[in-house]
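Please open the model in a viewer and keep the sequence panel visible. The tour below proceeds by selections, each followed by an account of what is found there.

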Amino acid sequence: MAKKNISLKQAFWYWLRLGFISFGGPAGQIAIMHQELVVEKRWISEARFLHALNFCMLLPGPEAQQLAIYIGWLMHKTVGGLIAGLLFILPSFFILAGLGVMYMQYGDLPIIQSLFSGIKPAVVAIVLFAAYRIGTRILKHPLLVLIAALSFIGILFFKLPFPLIVLLAAVIGWVASHWLPQAFKTAPHKADTHAEHLPAIIDDDTAIPDHASYSPKHFIKTLTLGFLIGGSAFYLLVSAFGFDDLLSQTALFFTKAALLTFGGAYAVLPYVYQGAVEHYHWITATQMMDGLALGETTPGPLIMVITFISFVSGWVNHALPLAPLWVSGLASAGVATFFTFLPSFVMIFLGAPFIETTRSQLKLAAPLTAITAAVVGVILNLAVFFALHTFWQEKTQQLNIAGLVIAGLAFIALTKFKANTLVVIIASGLIGLALAYLS
């Protein structure tokens with residue numbers, strides 16, 4: 001079907017271009033793909049696009065990248081999915097690795113510190129806005145508000161680990177769905193029923209290609225291959241460096257993180273903070289905030305911030321003692337990125353054939369809705385943590401009034417004027433430079 005009309009070369013150049021222009025977080029990236037693939041190129045119909053998107057919304061991991069894998073797979077089998085998924089993240093990987101080198105080499109320069117003095121308050125506003133955005137979409141029932149509140153209290157005051165919060169929320173959702181099902185009714189993405197239907201190469205009634213048909217044999221083969229790839233890579237790391245080595249622990253940690261990213265990248269950032277900053281002490285809180293700021297200004301999924309975090313971790317902890325520091329950073333970043341995104345590829349290749357075969361309406365299950373509600377509380381806690389480190393100056397024991405003003409302006413820009421996060425970050429950085437110059 002599609003492969004007769006859309007060449008692999010065409011698809012390759014499209015996915016590569018998308019990797020360089022995919023700013024704006026998952027909402028912006030999905031909007032770009034919708035505009036270009038559905039409206040302009042008409043490679044796929046509205047209904048098929050949204051059908052795939054609803055499935056990706058159910059999965060842990062970056063839904064925009066998973067959607068690219070899904071559509072690439074539908075057009076050109078497994079190789080198409082691999083090309084789409086890899087090109088979606090590779091530009092961001094190399095950009096963030098390059099920024100990591102500059103950050104470690106020149107991060108102490110006054111001009112860089114002044115820049116980040118304006119960016120960090122904006123990061124607080126962006127994280128707070130993420131909690132607000134997800135909360136307004138999910139917290140439609142008092143029970144879900146209660147779950148979010150308990151999640152916030154649990155992680156802030158009792159230091160509950162993020163995986164435990166996810167598990168407890170899922171259990172609450174499953175139990176409560178039996179006696180209060182209306183609390184978990186959420187609307188999936190829907191097409192505009194009044195929009196004129198335009199024919200597409202992969203249209204509503206286009207037959208399912210052979211490779212997209214579900215079969216238990218293919219499912220088992222894909223699952224086995226996924227475990228072999230991930231298991232072999234981890235075994236090689238342990239064999240070469242030992243189980244307790246930085247690279248081996250990085251692989252294990254980010255594999256767990258990849259399976260906990262319900263609700264987007266902001267949901268897993270508190271878990272990454274708990275592990276990388278508090279438990280392992282790989283990086284500092286300041287370095288994580290700086291990484292989030294850089295992640296907001298580069299293309300690709302926001303979860304690519306783990307590339308920067310891991311690069312800094314590898315550099316600071318000299319992951320490869322006999323190699324230059326930038327090689328240590330690159331090795332750690334590569335390991336983290338590989339193990340973070342491998343599950344996304346496996347889950348799409350496993351589930352997409354089943355989804356294409358059934359073509360039934362997807363809905364968020366009650367446990368997933370409860371998890372997303374808990375995520376609101378977790379993200380709010382992250383905003384509080386960043387705020388404490390940004391607005392209270394430990395050295396002078398004074399409140400950072402300028403930072404509060406920048407954060408307030410950034411939040412207003414995001415909520416009232418719907419400003420792009422990249423614009424907010426750049427503007428805040430320039431304000432930081434101006435204030436440093438004036439002082």
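Is phenylalanine 308 buried or exposed? Select the residue and display the molecular surface to judge. Phenylalanine 308 is buried, since its relative accessible area is 1%, and a residue counts as buried under 20%. Please bear in mind throughout that this is a predicted model.

**First stop: the partner of phenylalanine 308**

Add tyrosine 103 to the selection. Tyrosine 103 is likewise buried, with a relative accessible area of 14%. Tyrosine 103 and phenylalanine 308 form an edge-to-face aromatic pair, with 5.2 Å from centre to centre and 75 degrees between the planes. Tyrosine 103 belongs to helix H5 and phenylalanine 308 to helix H13 (residues 305–316), so that the pair links distant parts of the chain, 205 residues apart.

**Second stop: helices H5 and H13**

Now select the two helices that carry these rings. The axes of H5 and H13 come within 9 Å and cross at roughly 40 degrees; H5 and H13 are therefore oblique to each other. Their crossing is right-handed. On the H5 side, the contact includes Phe93, Leu96, Ala97 and Tyr103, and on the H13 side Phe308, Phe311, Val312 and Trp315 are among the residues involved. Coloured by class, this contact of H5 with H13 shows 13 nonpolar and 3 polar residues, and no charged ones.

**Third stop: aspartate 290**

Which residues does aspartate 290 touch, apart from those up to four places away in sequence? Select the residue and its surroundings: Tyr103, Phe116, Lys120 and Phe308 appear. Aspartate 290 is placed in helix H12. With 3% relative accessibility, aspartate 290 counts as buried.

**Fourth stop: helices H6 and H12**

Select helix H6 (residues 110–138) together with helix H12 (residues 285–296). They pack at an angle of about 80 degrees, and their axes are 9 Å apart. H6 and H12 are therefore roughly perpendicular to each other, as angles from 65 to 115 degrees are classed in this way. Among the residues of H6 that take part are Phe116, Lys120 and Val123, which meet a set in H12 that includes Met289, Asp290 and Glu296. The residues of this contact of H6 with H12 divide into 10 nonpolar, 1 polar and 3 charged.

**Fifth stop: helices H6 and H16**

Keep H6 selected and add helix H16 (residues 401–415). Here the packing angle is about 40 degrees and the axes are 8 Å apart, which makes H6 oblique to H16. H6 passes H16 in a right-handed crossing. Display the side chains of the contact: Gly118, Pro121, Ala122 and Phe129 are among those from H6, while Gly403, Ala407, Phe411 and Leu414 are among those from H16. The contact of H6 with H16 has 12 nonpolar and 3 polar residues, with no charged ones.

**Sixth stop: further aromatic rings**

Select every phenylalanine, tyrosine and tryptophan. How many aromatic pairs does a search of the whole structure find? The search finds 23 aromatic pairs. One of them joins phenylalanine 55 and tyrosine 70: the ring centres are 6.2 Å apart and the planes stand at 65 degrees, so the pair is edge-to-face. Phenylalanine 55 lies in helix H4 (residues 46–58) and tyrosine 70 in helix H5 (residues 63–106), so this pair ties together parts that are 15 residues apart in sequence. Phenylalanine 55 is buried, at a relative accessible area of 7%, and tyrosine 70 is buried at 0%. Elsewhere, ring pairs link Phe253, Phe254, Tyr271, Tyr280 and Trp282 into a cluster.

**Seventh stop: phenylalanine 184**

Move to the loop between helix H8 (162–176) and helix H9 (216–241), where phenylalanine 184 is found. Phenylalanine 184 counts as buried, at 5% relative accessibility. Draw a distance from its C-alpha to that of alanine 97: the two residues are 41 Å apart in space and 87 residues apart in sequence.

**Last stop: two lysines**

Most residues other than glycine have a negative phi. Select lysine 77, which is not a glycine but has a positive phi of about 60 degrees. Lysine 77 is found in helix H5 and counts as partly exposed, at 38% relative accessibility. Then select lysine 418, whose phi is also positive, at about 55 degrees. Lysine 418 lies in the loop between H16 and helix H17 (421–438), and at 65% relative accessibility lysine 418 counts as exposed.

Notes. Residues numbered from 1 in each chain as written. Predicted model: local features only at pLDDT ≥ 70, side-chain atom pairs only at ≥ 80, totals over all residues. Heavy atoms only, no water. Axes fitted to C-alpha atoms, helices over the stretch in contact; angles between N-to-C directions. Helix = DSSP H or I, 4+ residues; strand = E, 2+ residues; numbered from the N terminus. Parallel < 35°, antiparallel > 145°, perpendicular 65-115°, else oblique. Contact = heavy atoms within 4.5 Å. Nonpolar A, V, L, I, M, F, W, Y, C, P; charged D, E, K, R; others polar. Buried < 20%, exposed > 50% of the residue type's maximum accessible area, 1.4 Å probe, protein only. Phe/Tyr/Trp six-rings, centres within 6.5 Å; stacked < 30°, edge-to-face > 60°. Left-handed = near helix turned anticlockwise from the far one by under 90°.
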